[in-house]
Amino acid sequence: MRSVEAITEALHARGMRVTPQRERIIAQLVGNERHPTVDALYDAVRVVMPTISRKTVYQTVHDLEALGEVRLLDLGTGSVRVDPNVDIGHHHLVCRACGCVRDLPVAFDDLVLPRRYARTFQVDDIDVIFRGTCETCAVSV
């Protein structure tokens, strides 16, 4: 994810408003490797800006997705996750115990669809989710 300044310039270039709330949301995402839920993002920003609305957070992450700055992920954890790491292709590790999500930079370049699907389906993206138990949860069991 680019810097707060670069993203605010991109928002301005598209004619979108850049409010202090949006800047704070973007700042929470820059360098964030935790794949926060939208609600967690809202809670983090609300500590500093108690009047921020959930709608503002949702709208901002959708606008950032439209800019290509984040990906919104449904990893089956019950909440949409925000992934600000769009620079490298990667997949995800999801802990069944605590729900933490981590990037997994692994490629599936030699993955080939069976012929009967390859003729009728154009693949443009692959998302693989590895589920299991993270090191922290495995130690506490």
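The following is a working chat about the predicted model shown above.

Reader: Before the details, which helices and strands are there in the chain, and in what pattern do they come along the sequence?
Author: This is a predicted model, and its chain has six helices and five strands. Read along the sequence, they follow the pattern α-α-α-α-β-β-β-β-α-β-α.

Reader: And what box do the C-alpha atoms fill, and what share of the residues is buried?
Author: Taken along the principal axes, the C-alpha atoms fill a box of roughly 50 × 45 × 20 Å, and 33% of the 141 residues count as buried. As for contacts between residues at least 6 apart in sequence, 48% of them join residues at least 24 apart.

Reader: Let's go to helix 2 and helix 4; at what angle do they pack?
Author: Helix 2, which covers residues 20–29, packs against helix 4, residues 54–67, at an angle of about 65 degrees, and their axes are 10 Å apart. The crossing of these two helices is right-handed.

Reader: Which residues of helix 2 and helix 4 meet there?
Author: From helix 2 the residues are Gln-21, Arg-22, Ile-25, Ile-26 and Leu-29, and in helix 4 they meet Thr-56, Val-57, Gln-59, Thr-60, Asp-63 and Leu-64. Sorted by class, this contact has five nonpolar, four polar and two charged residues.

Reader: Glu-23 caught my eye too; where is Glu-23, and what is it in contact with?
Author: Glu-23 is in helix 2, and with its neighbours within four places in sequence left aside, Glu-23 is in contact with Val-4, Thr-8 and Val-18. Glu-23 has a relative accessibility of 36%, so it counts as partly exposed. The C-alpha atoms of Glu-23 and Ala-66, which are 43 residues apart along the chain, are separated by 16 Å.

Reader: Moving on past helix 2, is Asn-32 buried or exposed?
Author: Asn-32 lies in the loop between helix 2 and helix 3, the latter being residues 38–48, and Asn-32 counts as buried because its relative accessible area is 18%, under the 20% cut-off.

Reader: Which backbone atoms lie by the polar atoms of the Asn-32 side chain?
Author: The backbone oxygen of Gln-28 lies 3.2 Å from a polar atom of the Asn-32 side chain, while the backbone nitrogen of Arg-34 lies 2.8 Å from a polar atom of that side chain.

Reader: What about the phi of His-35?
Author: Phi of His-35 is near 55 degrees, which is a positive value in a residue other than glycine. His-35 is placed in the loop between helix 2 and helix 3, and with a relative accessible area of 1% it is buried.

Reader: With which side chains does the side chain of His-92 make polar contacts?
Author: The His-92 side chain makes a polar contact of 3.4 Å with the side chain of His-35, and a polar contact of 3.2 Å joins the side chains of His-92 and His-90. His-92 is in strand 3, residues 91–95, and is buried at a relative accessible area of 4%. Apart from neighbours within four places in sequence, the contacts of His-92 include Leu-73, Leu-75, Asp-83, Val-101, Ile-129 and Phe-130.

Reader: Staying in strand 3, what is Val-94 in contact with?
Author: Val-94, which is also placed in strand 3, is in contact with Leu-75, Thr-77, Cys-100, Val-101, Ile-129, Phe-130, Arg-131 and Gly-132, leaving aside neighbours within four places in sequence. Val-94 counts as buried at 5% relative accessibility. The C-alpha atoms of Val-94 and Asp-109, 15 residues apart along the chain, are separated by 22 Å.

Reader: Switching to the cysteines, how many disulfides are there?
Author: The count comes to zero disulfides. Cys-98 is in no disulfide, and the nearest cysteine sulfur, that of Cys-100, is 3.7 Å away. Cys-98 is partly exposed, with a relative accessible area of 47%.

Reader: And why is there no bond between Cys-137 and Cys-134?
Author: The sulfur of Cys-137 is 3.6 Å from its closest cysteine sulfur, in Cys-134, and this is too far for a bond, because a disulfide here requires a pair of cysteine sulfur atoms within 2.5 Å. Cys-137 is buried, with a relative accessible area of 12%.

Notes. Residues numbered from 1 in each chain as written. Predicted model: local features only at pLDDT ≥ 70, side-chain atom pairs only at ≥ 80, totals over all residues. Heavy atoms only, no water. Axes fitted to C-alpha atoms, helices over the stretch in contact; angles between N-to-C directions. Helix = DSSP H or I, 4+ residues; strand = E, 2+ residues; numbered from the N terminus. Left-handed = near helix turned anticlockwise from the far one by under 90°. Contact = heavy atoms within 4.5 Å. Nonpolar A, V, L, I, M, F, W, Y, C, P; charged D, E, K, R; others polar. Buried < 20%, exposed > 50% of the residue type's maximum accessible area, 1.4 Å probe, protein only. Polar contact = N/O pair within 3.5 Å; in protein donor to acceptor, adjacent residues only side chain to side chain.
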